[in-house]
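What follows is a guided reading of a predicted model, moving from the pairing of its strands to a pocket.

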Amino acid sequence: MKNLKKVLGIGIVAAATFFIVAADHIDAPAVQGGSSDITDFYAFQGANASNLVFAANIQGLLSPANTSTATFDENVLVEFNIDTNGDYVEDLVIQAIPRDGKMYFFGPVAPSQTGTSSNVETSATATGVVDITAYDSSANIATNSGMSFFAGPRDDPFFFDFAQYSEIIAGNASSFNMPGSDTFAGSNVMSIVVEVPKAMIGGSGNINTWVVTKRK
């Protein structure tokens, strides 16, 4: 683990933090267009009903030309927060941070620090590392301790008809069209996905979950 800490070269990470529900494309001025800008967060049951999947998308509205050179920022930590007791404070975290073409994952583990600053939890027992998938390439997926990991560019999965939304807001329309026009068609995001057994986060009951980005 000492070698891994040396590769990561980080201690405390300070906050550039945004809590999100659903989508947040270019709605956070402080990070708009930057490498820590979160576009979407998804949490859902996996194809294996014993697992949960957490997926965070950042760096939205990437054109295909820009996607080919897009990279994860090595100074940005992506942290999946999980509240298991309903107090809206993270009881477990799954952290992802890139180094030298790989994405390193730590957790789920009880964080040594909660809130707007984090320590990278390199002592976590369930640690994974995956080669970051290149644009227009087959997905690299790594597994460890029953978990699966992915990091790389993907087509933006969020569907939204922004033009029609603007018409509704302006009072020129009363509803969306079916099926409407996808404003984000043809644009890409940088995705981080981790699948984890439910048993590793409590196994049953309700959880609250959110994703944050934090800059070194």
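A convenient place to begin is the pairing of S3 with strand S11 (residues 188-197), which runs in the antiparallel sense and extends over nine bridges. Within this pairing, Asn 51 stands opposite Pro 197 in S11, which gives the reader a position from which to trace the two strands.

Both strands belong to an open sheet of five strands, whose order is S2-S3-S11-S10-S9 and whose pairing is antiparallel. S2 and strand S9 (142-144) stand at the edges of this sheet, and because each has a single partner strand, one side of each is left without a neighbour in the sheet. On average, neighbouring strands here are turned by 15 degrees against each other, with direction ignored.

From the sheet one can pass to the second largest pocket, since strand S2 (38-45) and strand S3 (51-62) each supply at least two residues of its lining. It is S3 that gives the most to this lining, with three residues. The pocket has a volume of about 170 Å³, and it is lined by 13 residues, of which Leu 52, Lys 198, Ile 201, Gly 205 and Ile 207 lie nearest its centre.

What is the make-up of the lining of the second largest pocket by class? Seven of the residues are nonpolar, five are polar and one is charged. Taken together, S3 pairs with S11 over nine bridges and also gives the most to the lining of the second largest pocket, so that strand links the two parts of this description.

Terms used. Residues numbered from 1 in each chain as written. Predicted model: local features only at pLDDT ≥ 70, side-chain atom pairs only at ≥ 80, totals over all residues. Heavy atoms only, no water. 1 Å grid on protein atoms, 1.4 Å probe; cavity = no way out; pocket = protein on both sides within 12 Å on 5 of 7 lines; lining within 4 Å. Points joined across faces, edges and corners; volume = space filled by probe spheres on them. Helix = DSSP H or I, 4+ residues; strand = E, 2+ residues; numbered from the N terminus. Nonpolar A, V, L, I, M, F, W, Y, C, P; charged D, E, K, R; others polar. Pairing = 2+ DSSP bridges. Axes fitted to C-alpha atoms, helices over the stretch in contact; angles between N-to-C directions.
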